[in-house]
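Q: I've just opened this one and don't know my way around yet. Can you walk me through it?

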Amino acid sequence: MIATGLTSREATKHLEQYGYNLIETYKGKSRLKILFSQFNNLMVYLLLFAAAMSFWFQEYLDATAILMVILVNAAIGFLMELQAERSMNALKKMAMVLAKVFRDGNLTEIVSDELVPYDLMYVEAGDMINADARIISATQLSVNEASLTGEAMPVEKIADELSGDVPLADRTNMLYKGTFVTSGNAYALVVATGMQTELGKIAHLVQGAEQSATPLEKKLQVFSRKLIYITVAMVVLIFIVGMFTHGDYTELLETAIALAVAAIPEGLPIVATLALAQGMLKMARHNVIVKKLSAVETLGGTTIICTDKTGTLTQNKIEVTDVITANENTAMDKQILRQIAVLCNTASIQISEKEVTEIGDPLETGLLKYAYKNGDNIEQIRKQFPKINEVPFSSETKMMATLHSSHNEFIVYAKGAAEEILRRCSHIRIGSETKSLNEETRVHWKEKSEQLAASGLRVIAGAYKESSSRNISLISDLVFAGLYGMMDPPADDVFDAISECKEAGIKVVMITGDHPATANYIANQLGIAEPNNVVLGKNMNPFEQLSDQEKKRWVDSSVFARVTPAHKLDLISVLQEKGNIVGMTGDGVNDAPALKKADIGIAMGKRGTQVAQEVSDMVLKDDKFSSIVHAIRQGRVIFTNIQEFVIYLLSCNMSELLVVSLASLSNLHFQLVPLQILFINLVTDVLPALALGVSEGSPLVMKHKPRNPAEPLLKTRQWYAVWIYAAIISVCTLGAVLFSHFVMHTGEKFDPKLCNNILFFSLIFCQLLHVFNMASVKISFFKSEVFRNKYVWYALVLSWLIVIVVLFIAPAREALNVQSLKSGDWLLVIASAAISLLVIQILKRINLIHDED
């Protein structure tokens, strides 16, 4: 069982016995907690105070209605927050971590949650360890156990048996869940999963921990507090003025409560959370898993994308197109290069009639496919030459070497960057002979590799050496065997994506470990940089030693080749120092520091190591550059949507505040009562705001420069727009009342209820049509993102239906003190709303109102 792993039937039985491999930490809010949280805010306290005062004055119907409104608001808030919680849970399920195990004798990948005791697990550099396991065999294995022991330095691991009671930190033959492999590889037998692991035993320390607020949520909280201060100031002012004018305490109290209710947008935090969660789900459908809510806000402000070349800008379909042996392409030399391709390789391919399943690095699977297409039996070769030692590939050495036994001899096979392999070779194979490799020949092969790279091929070299002893160096005194030229063309959709980045003011920087000639060729094809303007890693000094001139060159350059993870970290520091918001892609374990340093760390989902995915802010499930651009576009859309519904809610609520204030200061006798304002907010605040929150966004969202994430939620000009919108709506609604009284009903007895109703319905209709003012005026009104948003139309129809239904329900009519209007009055209400919409549209289109970035 240990040699071949579990069978599928055994794995299923163990899963039933031991359960899923899960650590219970933050469980999210319970439904009961979500429900109670709807009542725990200042708005509800104000409404409860209003209800209590209504009971005090024996206005039982008003008090009951206010309590009903509180319950309805709570129900809506509960459903929206529950939906947001479900969206986040769905998102977590999309970010599943995979583990490599042997099942039914074959190495396969499974969801790590399904790991069970007695699974035979294979781990290599960059893998997260997903269960506690006993090492069976290890090759130069080092593991970072800082998450468990606090020790920052990697620990060397072995397969030897340990005796006595050994402390956890000294158990060098064990792997632990939550740690990660920094170098080497190993086979290990799973001994504990889930809460039975060492990590699970201490998981209770973080159970129930509260999630911290995102920067956007904090901005909304600050925003809401300021709004409350403004409201309190207005209430005090109106109360003082009222005391000196008419002194009716009851009316003043009602007015004060009405002002408080009018000014505060009740659904703002809930709608914002839902908009973020729904936006993140949209990204997930486009293969972008955003792990942190705060990353959504940062996405919209990204100014530079630092991206890898292979698999991100290119198709990642690596095929060997050229093989040049050291001796005129003889059959024997080609056979040695195919052996190197198969044996100096940790990947595997499973070929069936329908498809080829690839497990491992695309470059290595490309080499295996090359050998297979030339008639080699991969499994047979690996059995004929069993591996007994290995020097894994690293970004520092830029090569990999393996030691194999063959009868009574030993053979080393190596592959890597051409210049690195040539530097470590002392001989070259010429026919059946091995001759010394002189400097002239070494330079000749370097030039040959550069010629291939200049044509867009990715070039690596192969080497070997034979020995009668196994105790030899695997990375020196090698015999040069030849070159592999591999083609990985640019992805079809990357051209449009880069063009879109340029229009959006986003600079694209290519960072690659590849040959500078290959990087230059691809960059020129994609229009990223000028020809022959490549910064080489060997010429990049550490950050502390950089001069201002060197920093300027880095900032101005767009292509960096033969770079190491340390270079990436320094480059990010330079770019951030100049005020840029940097997105950085990475896939290796050594990329983790750069991913954490970047404003947006972007890990690869297909070829990225689990460590890179763990520290990143977002994961690309398809590894495509176009997905990064889509995420930035969606990030901008989400933030724009939030700005739009904040402006909409504020301008609507401020219009109510102005109407109530003007009516009170003018001592008008058709004042809106708190219950009416509550109903207006219920109808106009929630549904249209939700519809704006899920808008597809303006087609022009990628036509302007990135936004600074440090900016407040609303800029000064947007605040001006809010007050202008509120003033126009207020004038139109009060104007409708005055027109009705002095023009349409002139000579008739003053009817306060009629005036109040016209004000009430005019305000509702003006606010509902106001949703169309949130669209960009840079495109046609009828082609705007708001007009084309079907959810806006659903919201409007439903809101109008609520108003109509209220008119047919006697208790509701009585509670709101409304009556059915005559046709002429209804036309006046509709006309006032249309005039409000028309005036705002004209002012926006002649640039007297600016509410867009």
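**Getting oriented**

A: Sure: the chain's secondary structure comes to 29 helices and 25 strands. Keep in mind that this is a predicted model.

Q: OK, and what share of the 853 residues is buried?

A: Buried residues make up 54% of them.

Q: Among contacts between residues at least 6 apart in sequence, what percentage join residues at least 24 apart?

A: That comes to 72%.

Q: Let's zoom in on a helix. Which residues of α17 are buried?

A: Helix α17 covers residues 516-526, and its buried residues are Ala-517, Thr-518, Ala-519, Asn-520, Ile-522, Ala-523 and Leu-526.

Q: And what do those buried residues pack against?

A: Quite a list: α15 (439-454), β18, α16 (494-503), β20 (507-512), β21 (534-536) and β22 (559-561).

Q: What follows α17?

A: Gly-527, and its phi is positive, near 75 degrees.

Q: Which residues have a positive phi without being glycine?

A: Lys-398 is one of them, with a phi of about 55 degrees. Asp-477 is another, with phi near 55 degrees.

Q: Where do I find Lys-398?

A: Look in the loop between β13 (387-391) and β14 (399-406). Lys-398 has a relative accessibility of 15%, and the cut-off for buried is under 20%, so Lys-398 counts as buried.

Q: And where's Asp-477?

A: Asp-477 is in a loop as well, between β18 (458-467) and β19 (478-487).

Q: Switching to helix packing. At what angle do the axes of α18 and α19 cross?

A: Roughly 95 degrees, and the axes come within 10 Å. Helix α18 is residues 548-556 and helix α19 is residues 565-577. An angle from 65 to 115 degrees counts as roughly perpendicular, so that is how α18 and α19 sit to each other.

Q: Which residues make that contact?

A: From α18 you have Lys-551, Trp-554 and Val-555. From α19 there are Asp-570, Leu-571, Val-574, Leu-575 and Glu-577.

Q: How many of the residues in the contact of α18 with α19 are nonpolar, polar or charged?

A: Five are nonpolar and three are charged, with no polar residues.

Q: Now the aromatics. How many aromatic pairs are there?

A: The count comes to 17 aromatic pairs. Take Phe-765 and Trp-826: their ring centres are 6.3 Å apart and their planes are at 50 degrees, so the pair is tilted.

Q: Which helices does that pair link?

A: Phe-765 is in helix α26 (residues 752-770) and Trp-826 is in helix α29 (residues 823-845). The two residues are 61 apart, so this pair links distant parts of the chain.

Q: Is Phe-765 buried or exposed?

A: Phe-765 counts as buried, at 15% relative accessibility.

Q: Got another tilted pair?

A: Phe-772 and Trp-793 form one, 5.3 Å centre to centre with 50 degrees between the planes. Phe-772 lies in the loop between α26 and α27 (790-808), while Trp-793 is in helix α27, so the pair ties together parts that are 21 residues apart in sequence.

Q: How accessible is each of those two, Phe-772 and Trp-793?

A: Phe-772 is buried, with a relative accessible area of 5%. Trp-793 is partly exposed, with 34%.

Q: Which residues do ring pairs link into a cluster?

A: Phe-679, Phe-760, Phe-761, Phe-765, Trp-800 and Trp-826.

Q: And what lies over the face of Phe-639?

A: That's Arg-707, at 3.7 Å from the ring centre.

Q: Last topic, a couple of leucines. Where is Leu-422, and what does it touch?

A: Leu-422 is in helix α14 (residues 418-424). Leu-422 is buried, with a relative accessible area of 0%. Leaving aside residues up to four places away in sequence, Leu-422 touches Leu-437, Arg-442, Trp-445, Lys-446 and Phe-480.

Q: How far is the C-alpha of Leu-422 from that of Ala-481?

A: They're separated by 9.9 Å, and the residues are 59 apart along the chain.

Q: What about Leu-662?

A: Leu-662 sits in helix α22 (residues 625-665) and counts as partly exposed, at 40% relative accessibility. The C-alpha atoms of Leu-662 and Leu-734 are separated by 9.3 Å, with their positions 72 residues apart along the chain.

Conventions. Residues are numbered from 1 along each chain as its sequence is written. This is a predicted model: local features need pLDDT of at least 70, side-chain atom pairs count only at pLDDT 80 or more; totals for chains, interfaces and linings use all residues. Side-chain values use heavy atoms; hydrogens and water are left out. Helices (H or I, at least four residues) and strands (E, at least two) are DSSP runs, numbered from the N terminus. Buried means under 20% relative accessible area, exposed over 50%, partly exposed in between (1.4 Å probe, protein chains only). Rings of Phe, Tyr and Trp (its six-membered ring) pair if their centres lie within 6.5 Å; planes under 30 degrees apart count as stacked, over 60 as edge-to-face and the rest as tilted. A charge sits over a ring if NZ of Lys or CZ of Arg is within 6 Å of the ring centre and within 35 degrees of the ring normal. Axes are lines fitted to C-alpha atoms, for helices over the stretch in contact, and angles run from 0 to 180 degrees between N-to-C directions. Angles under 35 degrees count as roughly parallel, over 145 as roughly antiparallel, 65 to 115 as roughly perpendicular and the rest as oblique. Contact means heavy atoms within 4.5 Å. Ala, Val, Leu, Ile, Met, Phe, Trp, Tyr, Cys and Pro count as nonpolar, Asp, Glu, Lys and Arg as charged, and the others, Gly among them, as polar.
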